[in-house]
Amino acid sequence: MSLLDLKNITKDYPLGQTVVHAVRGLDLSIEKGEIVAIMGPSGSGKSTLMHVLGALDTPTTGTASLEGHNLQELGENELVTLRGRKVGFVFQTFNLIQALTAQQNVELPMTFLGVKKSARAERARALLEKVGLGDRMEHRPNELSGGERQRVAIARALANNPEIILADEPTGNLDSETGATILELLKRLSVDEGKTMILITHDPDAAAIAGRIIRLRDGRIVEEARHVH
Amino acid sequence: MFIEFLRLAGQNVLHRKLRSILAVLGVLIGIMAIVILISFGLSLKGLMTGQVSKVFGVDTFVIMDQDVMSRSHSGGMKEFGLNLGTLKGVEGVKTVAAIRQRTAFVEGGTNAEGTPQQGFMPVMGLSPELLTDFTAFTGDLMFEDGGRQITEADVDAAVLRRELADRLGVNLGDRILIAGEKSNEITATVIGILAASDEKEEKQGFGASMGSSTADTIYIPYATMDRLWPEGNDFLVTVVRILPGYEVDDVADRAETALKAEGSRVSAVTSGDITNVIDQMMSYINIFLGALAGISLLVGGVGVMNTMFTSVLERTKDIGVMKAVGAKNRHVMAIFLVESGLIGFLGGVIGTAVGLGITALGCFFINTFAGLPQGVAFPFVASPTLIVTTLLGAFALGAVSGLWPARRGSRMPVVDALRYE
């Protein structure tokens, strides 16, 4: 059984009077421990695919399962819990809560799962140390640089020790040098911690860390290549 | 988890200082208005019941016309008939003091042209017990130099107010003619003139306790009153003191029953009865004042709602992120509700404190500068019930105002919320 299994999924969105067919019949299996890059031009269905892979959304037709759980069969609260435990998100725009400090941002996913305060704080600090922000824990996002913010976001993604890290254009808002260190960090963490990582990206450098590259166009997979590092 | 949400809400409130302050201010003004109005109401009630208990004490009740205490009563105080002997015979009664009132033809001195000054005016007969045993009832009287109160030994003596003395053209030691029933008449010596009324003295005299105008009244001894009008069915009020060991309400009930059995349309009124009437009256006033203040509170609530809608809109992306990392709808809802409740609560705490402060200051100014009569103070009442109720109410107001925005925020689909820029 694959960790993630998509079978013939489609996703349609209503857009005004018309319907957008964002994904049109797509099969994809991702195994535990893989690093997969999903590439493609704007409008190719990358984001929609990411939403389904991250259990943020369910497909219109077809089946999507995460560790054997069929997403369509889960209620909204079950979906949230599954997502909270199994998937860690890293976004292009970092998406940290501005009102919270770095440590509080990292604690947030654990808070919603009901982890105790002391355990949360301990784990958050350990993760921030790991991403090299041991001296920035009490800073708020607006007091951090772009690269530092993305490190906080990576620490947050690891907070609940998920199976999957889903990174949506993680280097899109960073200069190339910072981007490279972030990619290095992501790769190191996913190998060290044995995480499955899915990278959604335009950036060939980012895709280069992946073991498999999947290219999308018009909602379908048009190319799949395996990389040997 | 509530503590976490409280912290998160607190940080959000602090993060958007100006808007939070304005929303808090809206609630604050409403709560402050309520606290001030109700506290002043309580002070007023404290003042009134304080006066009542000072005059009455725990061992005194009064007999009045039975319509005086009823709600339908709209006129002034009425006279009534009763047998003082019956009253004195009631078990538990110690002393009975009565006041009779009649309108009489009165003639004083002459004016510059030699015309006699005369007219019809109210004459009150004060029983000696009133002057000896019920001094609180007459209050502290301010006499002009050389004047004094009527005593038990006085016969054909009169006390009147300066204005009336001027109109009648008499002074201390002069005589006035008072004509009673049939051909009864007396020539009374003026033994005391009450100082001219200004605002302060307006509240003096027997009427200060009873609330009727006293400016035109001539006070004479009870015995003299009896000589002018032998039939005693013209009581204005009768004050009864009970013997130790009796309950004032029991004695009052017995007295009322005994008098009614003789056909007197009277009612025995204890301080408890008067306090009840005051309570009832104050509760109406408080409802009215509360409704007025409630309007400003409603405006405050709308302010909180507006702030929360803006906050939800502004944090749409945060909602998406929180949902992506494991927040359920109820978590998001709770975060926003706690935030709006916090705004309400802050407004409540500050509003209550400021409201009580203003009330205390107001009481202080009234007591210091308003020239209340001696011994009368406007008490500052900080009611714990009021404080707790307003604080809880303010939190509830905030939370309720935030309900709709929070619900809207919590139901936002995670994908849409994440896409929001």
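**Exercise 1. The partner of an isoleucine in chain B**

Which residue is the bridge partner of B:Ile176 in β6(B)? Place the pair within the strand arrangement of this predicted model.

*Solution.*
Step 1. Begin with the strands: β5(B) is joined to strand β6 (residues 185–194) of chain B by five bridges, and the two run antiparallel.
Step 2. Within this pairing, B:Ile176 has B:Ala188 as its bridge partner in β6(B).
Step 3. Next, consider the connection. The hairpin of β5(B) and β6(B) has five residues between the strands, and B:Lys182 there takes a positive phi near 50°.
Step 4. Finally, look for another pairing of β5(B). Strand β2 (residues 93–110) of chain B pairs with strand β5 (residues 175–179) in the antiparallel sense over three bridges, and B:Val106 stands opposite B:Ile178.

**Exercise 2. The antiparallel strands at the start of chain A**

Determine how β1(A) is paired, and identify the turn residue with a positive phi in its hairpin with β2(A).

*Solution.*
Step 1. Strand β1 (residues 4–15) of chain A is linked to strand β4 (residues 61–66) of chain A through five bridges, with the strands running antiparallel. Here A:Leu4 has A:Leu66 as its bridge partner.
Step 2. β1(A) also pairs with strand β2 (residues 18–30) of chain A, in the antiparallel sense and over 10 bridges. In this pairing A:Leu6 is matched with A:Leu28.
Step 3. The hairpin formed by β1(A) and β2(A) has two residues between the strands, and the residue sought is A:Gly16, whose phi is about 60°.

**Exercise 3. The open sheet of chain A**

State the strand order of the six-stranded open sheet in chain A, and explain why β6 and β10 each have one side without a neighbour in the sheet.

*Solution.*
Step 1. The order is β6-β7-β8-β3-β9-β10, with mixed pairing.
Step 2. β6 (87–90) and β10 (220–226) of chain A stand at the edges and have a single partner strand each, so one side of each lacks a neighbour in the sheet.
Step 3. From one strand to the next, the twist averages 20°.
Step 4. For a pairing inside the sheet, take strand β3 (residues 35–39) and strand β8 (residues 196–200) of chain A, which pair in the parallel sense over four bridges. A:Val36 stands opposite A:Ile198 in β8(A).
Step 5. Add the helices. α2(A) lies across β6 and β7 (164–168) of chain A at about 75° to β6(A). Helix α5 (residues 146–158) of chain A also lies across β6 and β7, running at about 170° to β6(A).

**Exercise 4. The interface of chains A and B**

Characterise the contact between chain A and chain B by residue counts, buried area and polar interactions.

*Solution.*
Step 1. Count the residues: 31 of chain A are in contact with 25 of chain B.
Step 2. Assess the area: about 2400 Å² is buried between the chains, and carbon and sulfur atoms give 62% of this. On the chain A side, A:Ile97, A:Ala99 and A:Phe112 lose the most area to chain B, together 24% of what that side buries.
Step 3. Examine the polar terms: there are zero salt bridges between the two chains, while five residue pairs, both members at pLDDT 80 or more, are in polar contact across the interface.
Step 4. Assign the elements: α2 (76–86), α3 (102–112) and α4 (117–130) of chain A each give two or more residues to the side that touches chain B.
Step 5. Classify the residues: this side of chain A has 12 nonpolar, 11 polar and eight charged residues.

Conventions
Residues numbered from 1 in each chain as written. Chains lettered and ligands numbered in written order. Predicted model: local features only at pLDDT ≥ 70, side-chain atom pairs only at ≥ 80, totals over all residues. Heavy atoms only, no water. Contact = heavy atoms within 4.5 Å. Buried area = accessible area lost by both parts, 1.4 Å probe. Salt bridge = Lys/Arg side-chain N within 4 Å of Asp/Glu carboxyl O. Polar contact = N/O pair within 3.5 Å; in protein donor to acceptor, adjacent residues only side chain to side chain. Nonpolar A, V, L, I, M, F, W, Y, C, P; charged D, E, K, R; others polar. Pairing = 2+ DSSP bridges. Axes fitted to C-alpha atoms, helices over the stretch in contact; angles between N-to-C directions.
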